[in-house]
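Please prepare a briefing on the internal cavities and the cysteines of the protein shown here.

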Amino acid sequence: MILDNIKTAVQNKLYQNCIKEYQQELRCQTDPYLLWIQENESLDSSASLESRAYGERAYSSRTGKEAQASFTVVFIEQCGALFSLAEVSSEYILFVSEHGSLSTRAFRAFQDFFENHADIDIAYADEDVWMLPIEADNNRTSLIARREINDEIVHRIFPWTKPIWSPDTLFSFLYFGNIFAVRTKAFAQLPWLGDSDYKKNIYDFALKATDAGKNVGNIDKILFHSYRKGQNRAEIEESLMHEIDFIGAGTAYNAIRQAAMERRGLKGEQYTDSRTQISYPIYQVENSPLVSIIIPSKDNEKVLKQCIRSIYRFTAYKNFEIIVVDNGSAQQTKQTLEEFRKECAFTYLYQSMEFNFSKMCNLGAKAAKGDFILLLNDDMEVIEELWLSKMVGQASLAHVGAVGAKLLYPNTTFIQHAGITNTIYGPGHKLKKMKDNVPYYYGRNWFIYNVIGVTAACLLVRSEVYRACGGLYEELAVAYNDVDFCFRLYEKGLCNVQRNDVVLYHHESLSRGDDMQDEQKLKRLIREKERLYQRHRPLYRNDPYIGTLLNAGEPEFSCRWLEGYELVNTAGTDSILRKGKPLPREKSMNQAIMVVVEDCGRDGYIRGEFQKTHYLIKGWAYVPNVDNARYSYKLLFRSSTGNVWELPIQKRYRKDVAAILPDETNVEMTGFCCWITENVLPPDTYQLWITAKDRCSRQRLYRNTKKTLVVE
């Protein structure tokens, strides 16, 4: 009786531990950012908020031991008129906000980065928000006494992943955020603005420090946690999403921007948008060079006329020519357009052929006489007069590639385009169909941003750049030709720019139908996307201007789910693949496991520097009529000779599975996804089994998945 009681108590304790672990893991996996933290950061559970506080010692990567710090930590808020760069004697200066805390890895990360990038003098890092209760103050001692301060699952929200060096974004606001570091000797003699407003001093310093160009680097690690108070998470995130009160944003910094333009030999002025109160530079180009506006069109005379009339009606920049490229309109349309040329002058290139947007644009470019080429859809409508002046000025800068505009659905404030983002599903338009009357995620629809690409519905580029790149790639006849062009500009070291202060109406889908609604067009779209990434493999699922964490396909700027085969530690799975015991006789097995294997074979996914082919196994499994929180699982690979290899699997959140199993207990985490790199398993044809161990008893279950893995 006593032994039974002890056994029951032990099992209850084990079961409670299983439930606790399951609930914590479920909490992480139902929040994409917490899942990302779990799988991308080595969290030190013993670290406290005090250890994140700023100190005067840093980890030395040279010795592997703690050494005298080569950093001086400077609070941004204390960079007033009396601050002096010349008085700092350390090797590096780390600028941080006093309203937050450093990651435990911050010093090491910055030091390693500078040691590995001798050409970089200034570096910034990603950050997130450390959510505080409304009653908390910034006194660390009292905060520690009141809360579990090292519970990152409770506190960390709203990641801010910074782009690679983005000079035009920096001219909008200090996108370095709350943490950046510099080599002291590189800027010791830099003149300090000396204003009483520390924000002006810091922004002026950032622009002066980057006058020379690409001596700037990004550390793609979360190294700072900014404090924010609020009643709840939703309230804090809603406020953060629409905030634009950043250093450098607004009219107060116009003089600093103007001085920077003069130092850089640029002419122009700062223009303030009356609606947003955001300042934008309008760069002046001497002698108003000719702009060639190329408009592909066929049998769309009504919309084309509206487009051309709006150009003549609203454009303040008068030195332009319009070239309409027609790939075979009906004779009546052709005659109508010939007559329309008397009202609005344009060159009319008529050549009957199958629709090929790239070829049509290239034909127009051959006939173009301008120093700039503007690709424009025939369903565009100009609505404000400075649009072309702003775009030409921006495109005239030596470091700039393509320049795009913000496009709205006609007569609305709904966004159609605010820059191309390279998402996990392919090139996409963030913020699509969202209202432009408020800013989103660090002003992505209001500030000028460097982006991976802009749409050819309205794309301006210097003619010499267009021709040097060979124009649009004609093998991409319909889709992704503009993305391919922008990718090539990026690969040549040029920066593509989204001018969100330039707004046009886009009568989308009037020229062509929606490709997603037509089966044949959808197949062509898929083929062209595959061709795009064959030409630009390093950019597959990778957008250096937004980061992997945020490249979800949804319109919102939110964290996306990470599949198991996307883990940063791409060598981790191989290290836990072990030789296992032979399987028991099938007649003696308890095969109560229900399993569905969705993928089992060679997969060509490439992430970052991970170039090896691997074998992907993905699916879901559960044990009916029991609490599935109790079970841990392994995949078993049985060779043709009976040898067995075993691979522990991590449970993955599967909302879809839980939805179809409403009567089962704790089946939200039934998913699994793992991989084995090439040459780890000996070549053979393996039977795929799965086994489940009850962590509260000695019960072990098996199931033959009826799948085979062929390893060549």
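The notes below cover the cavities and then the cysteines.

This is a predicted model, in which local features need pLDDT of at least 70 and side-chain atom pairs count only at pLDDT 80 or more, while totals for chains, interfaces and linings use all residues. Residues are numbered from 1 along each chain as its sequence is written, and side-chain values use heavy atoms, with hydrogens and water left out.

**Cavities**

- The structure holds five cavities of 30 Å³ or more, a cavity being a set of points, on a 1 Å grid over the protein atoms alone, where a 1.4 Å probe fits but cannot get out.
- The largest cavity encloses about 110 Å³, where a volume is the space filled by probe spheres set on the points.
- Its lining (residues with an atom within 4 Å of a point) consists of 15 residues, and Ala-418, Thr-421, Arg-444, Val-451 and Phe-557 lie nearest the centre of the largest cavity.
- Strand E19 (420-423) and strand E21 (449-451) are the elements that give two or more residues to this lining, strands being DSSP runs (E) of at least two residues, numbered from the N terminus.
- By class, the lining of the largest cavity has nine nonpolar, three polar and three charged residues.
- The second largest cavity has a volume of about 90 Å³, and its lining residues include Tyr-22, Asn-628, Lys-651 and Phe-672.

**Cysteines**

- The count of disulfides (pairs of cysteine sulfur atoms within 2.5 Å) comes to zero.
- The sulfur of Cys-458 lies 9.2 Å from the closest cysteine sulfur, in Cys-307, which is too far for a bond.
- Cys-458 is buried (under 20% relative accessible area, 1.4 Å probe, protein chains only), with a value of 0%.
- Cys-361 is also buried, its relative accessible area being 0%.

Notes. 1 Å grid on protein atoms, 1.4 Å probe; cavity = no way out; pocket = protein on both sides within 12 Å on 5 of 7 lines; lining within 4 Å. Helix = DSSP H or I, 4+ residues; strand = E, 2+ residues; numbered from the N terminus. Nonpolar A, V, L, I, M, F, W, Y, C, P; charged D, E, K, R; others polar. Buried < 20%, exposed > 50% of the residue type's maximum accessible area, 1.4 Å probe, protein only.
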